[in-house]
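Good morning, and thank you for the time on today's agenda. Please look at the sequence and the structure as they come up on the screen, and I shall then take you through them.

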Amino acid sequence: MDDSTALAALDDLARLVRRASQELDRAIAVCLGESSVGRWHVLNAVTGAEGLSMSQLADATLLNSATLTRLIDAMIADNLVHRKVDATDRRRVLVFPTRRGQSTRAAMSEALTASGLTQLAGGAAATKSLTALVDRIATTEPAAL
């Protein structure tokens with residue numbers, strides 16, 4: 001493969017991955033009746049966890065800190081999550097789901113399952129392939145200039 005073909009393939013791959021992510025988020029948002037999937041990602045992350053810090057939530061949801069802070073503030077106003085000072089490190093604030101947040105997540109999960117969107121994941125094989133691709137990209141070091 002010559003350089004121009006390889007560059008075109010790299011451009012196609014980058015665009016397709018971005019498009020797949022956007023289309024999946026759009027389909028999930030439509031199914032949930034939400035404008036974005038951020039609330040779903042946050043509720044998934046905090047449900048079952050023993051409280052997550054904002055940095056842990058940012059890692060789990062891939063949202064930037066400003067967007068995440070606004071989202072958490074809105075979710076607190078909607079009584080879906082609450083903040084609590086970490087007992088071991090009073091400088092940290094942890095986010096927990098409320099009962100309403102847990103029932104909202106359960107309803108979201110039921111809606112996604114009923115919609116058939118969960119079948120898009122294709123089971124462990126699709127996730128494993130995509131994880132391998134992401135890991136390969138993350139560990140590829142660009143050649144020194």
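**Pockets, helix α1 and salt bridges**

The largest pocket encloses about 1000 Å³ of space. I should say at once that what you see is a predicted model, and that every value I quote is computed from it.

Which residues lie nearest the centre of the largest pocket? They are Ser21, Leu24, Asp25, Ile28 and Leu130, out of a lining of 27 residues. Four helices, α1, α2, α3 (54-61) and α6 (123-139), each give at least two residues to that lining. The largest share is supplied by α6, with seven residues. By class, the lining consists of 18 nonpolar residues, eight polar residues and one charged residue.

The second largest pocket has a volume of about 170 Å³. Its lining is made up of Leu10, Leu13, Leu133, Arg136, Ile137 and Thr140. Here the elements that contribute two or more residues are α1 and α6. Once again α6 provides the largest share, in this case three residues. Four residues of this lining are nonpolar, one is polar and one is charged.

Let me turn to helix α1 itself, which covers residues 3-32. How does the distance between the ends of α1 agree with the span that its 30 residues should have? At 1.5 Å a residue, the helix should span 44 Å; the C-alpha atoms at its ends are 43 Å apart, and so the two values agree.

Within α1, the residues Ala27, Ile28, Ala29 and Leu32 are buried. The buried residues of this helix pack against α2 (38-46) and α5 (99-115). Ile28 thus deserves a second look on the screen: it is buried in α1, and it is also among the residues nearest the centre of the largest pocket. After the helix comes glycine 33, whose phi is positive, near 70 degrees.

I move now to the charged side chains. How many salt bridges does the structure hold? There are eight, and I shall discuss some of them.

We can begin in α1, where glutamate 23 and arginine 26 form a salt bridge with their closest N and O atoms 3.1 Å apart. The two residues are three positions apart in the helix, and therefore about one helical turn separates them. Glutamate 23 has a relative accessible area of 36%, which makes it partly exposed. Arginine 26, at 47% relative accessibility, is partly exposed as well. Salt bridges also link Asp11, Asp12 and Arg15 into a network.

A further salt bridge joins the side chains of arginine 83 and aspartate 73, at 2.5 Å from N to O. This pair connects distant parts of the chain: arginine 83 belongs to strand β2 (residues 81-85) and aspartate 73 to helix α4 (residues 65-77), with their positions ten residues apart in the numbering. Arginine 83 is partly exposed, at 35% relative accessibility. Aspartate 73, with a relative accessible area of 38%, is partly exposed too.

The side chains of aspartate 86 and arginine 92 also meet in a salt bridge, here at 2.9 Å from N to O. Are these two partners buried or exposed? Aspartate 86 counts as buried, because its relative accessibility is 7% and the cut-off for burial is under 20%. Arginine 92, by contrast, is partly exposed, with a relative accessible area of 31%.

Arginine 92 leads us to strand β1, in which serine 53 lies. Leaving aside neighbours within four places in sequence, serine 53 is in contact with Arg92, Val93 and Leu94. Arg92 therefore takes part both in this contact and in the salt bridge with aspartate 86. Serine 53 itself counts as buried, at 5% relative accessibility.

Finally, I would point to the loop between α2 and β1 (52-53), where alanine 49 is found. Alanine 49 is partly exposed, its relative accessible area being 27%. Where does proline 97 lie with respect to alanine 49? The two are 48 residues apart in sequence, and their C-alpha atoms are 9.0 Å apart in space.

To close, I return to the two pockets: α6 gives the largest share of the lining in the largest pocket, and α6 does so in the second largest pocket also.

Key. Residues are numbered from 1 along each chain as its sequence is written. This is a predicted model: local features need pLDDT of at least 70, side-chain atom pairs count only at pLDDT 80 or more; totals for chains, interfaces and linings use all residues. Side-chain values use heavy atoms; hydrogens and water are left out. A salt bridge is a side-chain nitrogen of Lys or Arg within 4 Å of a carboxyl oxygen of Asp or Glu. Buried means under 20% relative accessible area, exposed over 50%, partly exposed in between (1.4 Å probe, protein chains only). The expected span of a helix is 1.5 Å times one less than its number of residues. Contact means heavy atoms within 4.5 Å. On a 1 Å grid over the protein atoms alone, a cavity is a set of points where a 1.4 Å probe fits but cannot get out, and a pocket is an open set with protein on both sides within 12 Å along at least five of seven lines; lining residues have an atom within 4 Å of a point. Grid points are joined across faces, edges and corners, and a volume is the space filled by probe spheres set on the points. Ala, Val, Leu, Ile, Met, Phe, Trp, Tyr, Cys and Pro count as nonpolar, Asp, Glu, Lys and Arg as charged, and the others, Gly among them, as polar.
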